[in-house]
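Open the model in your viewer and keep the selection tool at hand. We will walk from one stop to the next, and at each one I will say what to pick and what is there.

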Number of protein chains: 2
Amino acid sequence: MHRYERLADHLRERIQAGFYQVHERLPSVRALAQAHGVSLSTVQHAYHQLEDAQLIEARPKSGYFVSPRRERLPAPPVARTAQRPVEVSQWEHVREGTCVLPDTSMHNLGRGMPDIDAPTLKPLLRALARVSRRQDLIGLNYDTLHGRPELREQIARLAVGQGCRLHPDDIVVTTGCHEAISIAMRAVCEPGGIIAVDSPSFYGALQSIRAYGMKAMEIPTDPETGISLEALELALEQWPIRAIQLTPTCNNPLGYTLSEARKRALYALAQRFDVAIIEDDVYGDLSYGFPRPVTIKSFDEDGRVLLCSSFSKTLAPGLRIGWIAPGRYHERALHMKYVGTGSTATQGQMAVAEFIREGHHEPHLRRMRAQYQGNRDRMLDVIESAFPASTRVSYPAGGFMLWLECADGIDSVALNQRLMAEGIRIAPGVVFSATGKYRHCLRLNHAVFDAEIARAVSRVGHCVAEMLTQRADAGQPETA
Amino acid sequence: MHRYERLADHLRERIQAGFYQVHERLPSVRALAQAHGVSLSTVQHAYHQLEDAQLIEARPKSGYFVSPRRERLPAPPVARTAQRPVEVSQWEHVREGTCVLPDTSMHNLGRGMPDIDAPTLKPLLRALARVSRRQDLIGLNYDTLHGRPELREQIARLAVGQGCRLHPDDIVVTTGCHEAISIAMRAVCEPGGIIAVDSPSFYGALQSIRAYGMKAMEIPTDPETGISLEALELALEQWPIRAIQLTPTCNNPLGYTLSEARKRALYALAQRFDVAIIEDDVYGDLSYGFPRPVTIKSFDEDGRVLLCSSFSKTLAPGLRIGWIAPGRYHERALHMKYVGTGSTATQGQMAVAEFIREGHHEPHLRRMRAQYQGNRDRMLDVIESAFPASTRVSYPAGGFMLWLECADGIDSVALNQRLMAEGIRIAPGVVFSATGKYRHCLRLNHAVFDAEIARAVSRVGHCVAEMLTQRADAGQPETA
């Protein structure tokens, strides 16, 4: 444990015990350094950590203050899922959401699009232009099947921050996390096989299960504590499940992070039943707390975890650069990579490697985490005031997605149709289920937040309220 | 028919009838224009066409001359294939060839790499750099699932030259032709299903068949006339084949182009047995003749042809930009595209669209076709002088690949091992077969040709000769 971490822990305890009150000014950096006999930068580090954890906030020219504890809106309850493996449907709704071009006249709150307009991302644009001008033409050449060595080196380096020891040769670069998940599923499961998933779950993973002729066993998932290990154990006992696919850190769409203890318990379950774990960590680096939570992969001792991630949420999705660390399934994964795309586009890989090597990655992440956390609270404020009181909403620990549950019977597919006429898109809940559950739920993107987006979110809320009134007027019975 | 085409036909007949003799000088452009009452540019167009067809050649400051007719080396015979569907093996050999980084100290004659160093490709580098600097950040954003509209527009426009009428919405952009073929197979065939392929065949397609749990029915293919329609018909009668996958234009690895009549007959067979055709046209635009041969897709009346292609052989493979025109399988193809990679990297698409729109594509193709055709003949000269007399070799109608058949018992996998120690790579024949046939064959890349490559090819030939002598000395019996 570093000196600054010990100091941060000490301060955290004092805040939580009420020694420092809400809105109270904390000691100055200089005073604290003197009091504890540490350097100024150690105190600054400690304060940054508490800031990341939302316990304190900096006010320009005044110092650090204890943050107010937020009154939280109620979280959605755990959903009941089918207690058997099911075929995945809902493609028509996923298709509708992914066959759209970027359109500045539209407020697309439905897509998993990060903010790509941050100044900390500018060095990436410069790196891309530099790579295009390189006279050795490496960027135009076939890449090796594994991906550019300099990028895999940087990915392995970053993995240390996730508690992972990876060698560059453990990593295969992919065309986005999409290809990583697709590779993982085909590497561990045959057509007809069963894959357990958290529920609600990322629709891309669900649609892969469909495309490869597999079945999904949806496991009830708590919006605060994550996938139910009890339900998972029961499912593993009853069905010949081949793999567990989930997003345990900064979950999409719920936002929770599975605690380290639960991650370990899940890994132990996977060992006991000898199944693989497909760990989607695509939002993991956007965890608001510091240091970021460890991956399940970090305690993988027998290579059963296939870690899938990408730079689509942290840098830019248009680059389509992801990766997989497939553990003991390396050979099969490499074959699946080969038949899927041959190799990954070269220039983007080179530019991202340069961006990280030059030290731009960490400052960019720090900025985006703060922005996304701030936007979460701003959007929650709008939701609280604009949505009917019956609404339930998630309280994400990272990323840039909010999950809302409306009153039973509110049809978010119809809601989306209605909103699109007004230039607003949401992600209807049905796509996060194999069988079209969560029709009364929706996901909103808070990567960017300004007055216009606030108005759009407000409009979504009013629209839900209108639909609720219309239902009451019509005296319709509630349907699930 | 254009005026210049009529004139070219007239001249062609005269050359073929012996009116103009080999090495004889043809009339000057001015004289011909006067004699036929046409413009100078019409005559120039006609001469270009005959030049493309290798009937005449331009000599600087002297005019046009009738080309010598080449003494051709014997072509390999048609191979005998298993007369039943088989599982695909050989991944270890394919892996070996694709897990290599570009290495300037190595003469890699094994890979399907075009020459990316041509001056006519420079505008593409400039377009890439321009796209990277764009302030609207479209290149960093998620693309729509189908691919950038401006690129699909250009692809549809180019398709006219292949005899195809495609709407931009008929096209889905993919991560190289690799993804296109992978999509096509999954769109038309279930795991366990049978796909008929030309043999020898592109190893990427064969490995896809393996990865998706399908079986390959290899159809004997003549190095000059292409896939045997008789054998194909027999196979279609006997087995529940779902699709025919082949490269009918500038075949890889054999280099032949199926005649239009045979393409039509193949299409009729597919109609009669109600199977899909997966047409790989990745080398089609590099056909030495002008206009380029039409695709099978061009007479597809019921949407059963899935046309797969890319810019990997014509522009640069590192961009990973391909496309599929999946006909009646559009919806399924779109789903497979979605689960495979989500969408295609954006910037490369934008740059290629710009490159074509600005008129750089056709001049580049013209240059590359001439270069590849010239290199074919240069490399054939070296092969003739350096390889044992028992060698058979293809005479490609386009592309940049030569297929060599050595004496029975020459092991091209061992040959490749031996050559690698000397910094030379070849593609051993085994990878072009589902079951490791063609062990005595190899494929050589003639995209680039210079004194060093000539020495490398020469070295390959001498190595084969040595192996042949060693075999004779050891008195080994010949094995297939």
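Begin by selecting I56(A), whose bridge partner in strand 2 of chain A is V66(A). Bear in mind throughout that this is a predicted model. Now widen the selection to strand 1 (residues 56–59) and strand 2 (residues 63–66) of chain A: the two run antiparallel and are joined by four bridges. Together they form a hairpin with three residues between them. Click on K61(A) in the turn, and you will find a positive phi of about 65°.

**Across to the other chain**

Next, colour the two chains separately and look at where they meet. Here 64 residues of chain A are in contact with 64 residues of chain B. The buried area between the chains is about 5700 Å², with carbon and sulfur atoms giving 64% of it. Which three residues of chain A should you show as sticks? Pick L140(A), Y142(A) and Y338(A), which supply 15% of the area that chain A buries against chain B, more than any other three residues.

For charged pairs, the count between chain A and chain B is two salt bridges. One place to zoom in is R95(A) with E331(B), a salt bridge in which the closest N and O atoms are 2.5 Å apart. Polar contacts across this interface come to 24 residue pairs, both residues being at pLDDT 80 or more.

Which helices of chain A should be highlighted on this side? Those that each supply at least two residues touching chain B include helix 4 (91–98), helix 5 (122–133) and helix 7 (176–188). Helix 11 (330–341) of chain A is also on that list, and its eight residues are the largest share of the side of chain A that touches chain B. Coloured by class, that side shows 29 nonpolar, 23 polar and twelve charged residues.

**The eight-stranded sheet of chain B**

Stay with chain B and select its open sheet of eight strands, ordered 4-11-10-9-8-5-6-7, with mixed pairing. Strand 4 (172–174) and strand 7 (226–227) stand at the edges; each has a single partner strand, so one side of each is left without a neighbour in the sheet.

Within this sheet, strand 5 (residues 194–199) and strand 8 (residues 241–246) of chain B pair in the parallel sense over four bridges. To find the register, pick A196(B) and its bridge partner I244(B). Then add helix 9 (residues 229–238) of chain B, which lies across strands 5, 6, 7 and 8 and runs at about 155° to strand 6 (215–222).

**Backbone details in the loops**

Most residues other than glycine have a negative phi, and most peptide bonds are trans. With that in mind, go to the loop between strand 5 and helix 8 (203–211) of chain B, where P200(B) lies. A cis peptide bond joins S199(B) to P200(B), with omega about 5°.

Move on to the loop between strand 8 and helix 10 (260–272) of chain B, the place of P253(B). The bond between N252(B) and P253(B) is cis, with omega about 15°. C250(B) lies in the loop between strand 8 and helix 10 as well, and its phi is positive, near 50°.

**Last stop**

Finally, select the open sheet of four strands in chain B, ordered 12-13-16-15 with antiparallel pairing. Its edges are strand 12 (392–393) and strand 15 (427–428), each with a single partner strand, so one side of each lacks a neighbour in the sheet. Strand 12 pairs with strand 13 (residues 401–405) of chain B over two bridges, in the antiparallel sense. End on V393(B), which stands opposite L404(B) in strand 13.

Terms used:
Residues numbered from 1 in each chain as written. Chains lettered and ligands numbered in written order. Predicted model: local features only at pLDDT ≥ 70, side-chain atom pairs only at ≥ 80, totals over all residues. Heavy atoms only, no water. Pairing = 2+ DSSP bridges. Contact = heavy atoms within 4.5 Å. Buried area = accessible area lost by both parts, 1.4 Å probe. Salt bridge = Lys/Arg side-chain N within 4 Å of Asp/Glu carboxyl O. Polar contact = N/O pair within 3.5 Å; in protein donor to acceptor, adjacent residues only side chain to side chain. Nonpolar A, V, L, I, M, F, W, Y, C, P; charged D, E, K, R; others polar. Axes fitted to C-alpha atoms, helices over the stretch in contact; angles between N-to-C directions.
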